[in-house]
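This report looks at one sheet with its neighbouring elements, and then at one residue and its surroundings. The sequence and the structure come first.

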Amino acid sequence: MSTSRPGMIRIVAGESQTPKRRRTLEVALAVGLVLLISVGAIVASAVARDSNASAAPDAAGTPAAELKLGYFGNITHAPALVGVKQGFIAKELGGTKLSTQVFNAGPAAIEALNAGAIDATYIGPNPAINSFVKSKGESISIIAGAASGGAQLVVKPEIKTAADLKGKTLASPQLGGTQDVALRAWLGKQGYKTNTDGGGDVAINPTENAQTLKLFQDGKLDGAWLPEPWASRLVLQAGAKVLVDEKDLWDGSLTGKPGEFPTTILIVNRKFAAEHPQTVEALLKGHVEAVKWLNDTPAAEKAAVVNAALKQDAGKALAQNVIDRSLKNIVFTVDPLAGAYKKLLQDGVDAGTTKQADLNGLFDLRALNTVATEKTTAAGLGQD
């Protein structure tokens, strides 16, 4: 036997047959090694598949042990009131515990959401936009609409036109909230300058809604841009008149629905949604059921149920004429009216409460469009 090149064996005539047997053994060993490697690869592949299969539920998220939900004690949040009090949301959540927190205005709810004190909340669109912009799209997703309309500028009877507002003092629920931005944007279009510190041609004092009613009754406010039922309370219980009904400012060119504009939406913490998509879908199922109930239920029964929920959350029921007027001013819908959001952002920029930004990614309506019969669009600002 002689060696020609490293790693190769050559048999020469006349040599012993022992190398031949050795070569046979080596070949057999090599074939066996190849087979062993092949079998190992097959086994490893099967193990990997099993591992991936068992990991799939974790990758897709798991139901949360608890869902912490925020909303306001306003009639514009009736889908939340009904969804919680009638048990629609809890039923769909199944084994996930539902806990709730009632807020007065949007910025406070956003702070709680970003701090992890709540996981999802019903809220006005402008605080949601502000959070999305400040976090560069990392904080929240809009997952459904809840209510359209139900916001008005109500003033003292002697104020006849916008020209009478110069030097007057008006209120909004909270700086940067949806009605606050709407008021500032509208005043800007009337030629007035306003400042977020309360200065300008017209003073705007962000004030809790219950305090606004009392201050107006005491003659310390000239008017306020308010959601329901507070607009109706000032009109029916404090002698205010409607100067602007916000629905008259929306011609439908942005949403395809004249007179409709987003007043209340449903948002979720993005991290929570990524970890617990099943819980978010369950929340949406309960929400869709609540909106359907509001639209299908006779007016008297609807008013009674909503009023009972308000009494439980706010400690006092509304007068019948207040709740009746309020409900007539609102459209309950799961459509977030995404086409309006670029305008809402610009209004916030003009008002000085937010900055210009790209809103792409603000909406994630995929789960909603899975559970709802009405298909909604993100208007190019997210997934639908």
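## A helix across the sheet

In this predicted model, helix 8, which spans residues 230–238, lies across strand 5, strand 8 (223–227) and strand 9. Relative to strand 8, helix 8 runs at about 135°.

## Strand order and edges

The three strands crossed by helix 8 appear in an open sheet of five strands, whose order is 7-6-8-5-9 and whose pairing is mixed. Strand 7 (203–206) and strand 9 (241–245) each have a single partner strand and stand at the edges, so one side of each is left without a neighbour in the sheet. From one strand to the next, the twist averages 25°.

Strands of a sheet pair through backbone hydrogen bonds, in either a parallel or an antiparallel manner. Strand 5, made up of residues 151–155, and strand 9 run antiparallel and are joined by four bridges; Gln152 has Asp245, in strand 9, as its bridge partner.

## The surroundings of Ser139

Ser139 is placed in the loop that lies between helix 5 (125–134) and strand 4 (140–149). Is this loop residue, Ser139, buried or exposed? With a relative accessible area of 9%, Ser139 is buried, because the cut-off for that class is under 20%.

Leaving aside residues up to four places away in sequence, Ser139 touches Asn114, Ser131, Phe132, Val268, Asn269 and Arg270. With one of these residues, Ser131, the side chain of Ser139 also makes a polar contact of 2.8 Å to the side chain of its partner.

Key. Residues are numbered from 1 along each chain as its sequence is written. This is a predicted model: local features need pLDDT of at least 70, side-chain atom pairs count only at pLDDT 80 or more; totals for chains, interfaces and linings use all residues. Side-chain values use heavy atoms; hydrogens and water are left out. Two strands pair if DSSP finds at least two bridges between them. Helices (H or I, at least four residues) and strands (E, at least two) are DSSP runs, numbered from the N terminus. Axes are lines fitted to C-alpha atoms, for helices over the stretch in contact, and angles run from 0 to 180 degrees between N-to-C directions. Contact means heavy atoms within 4.5 Å. Buried means under 20% relative accessible area, exposed over 50%, partly exposed in between (1.4 Å probe, protein chains only). A polar contact is a pair of N or O atoms within 3.5 Å; within protein, one must be able to donate a hydrogen and the other to accept it, and residues adjacent in sequence count only if both atoms are side-chain atoms.
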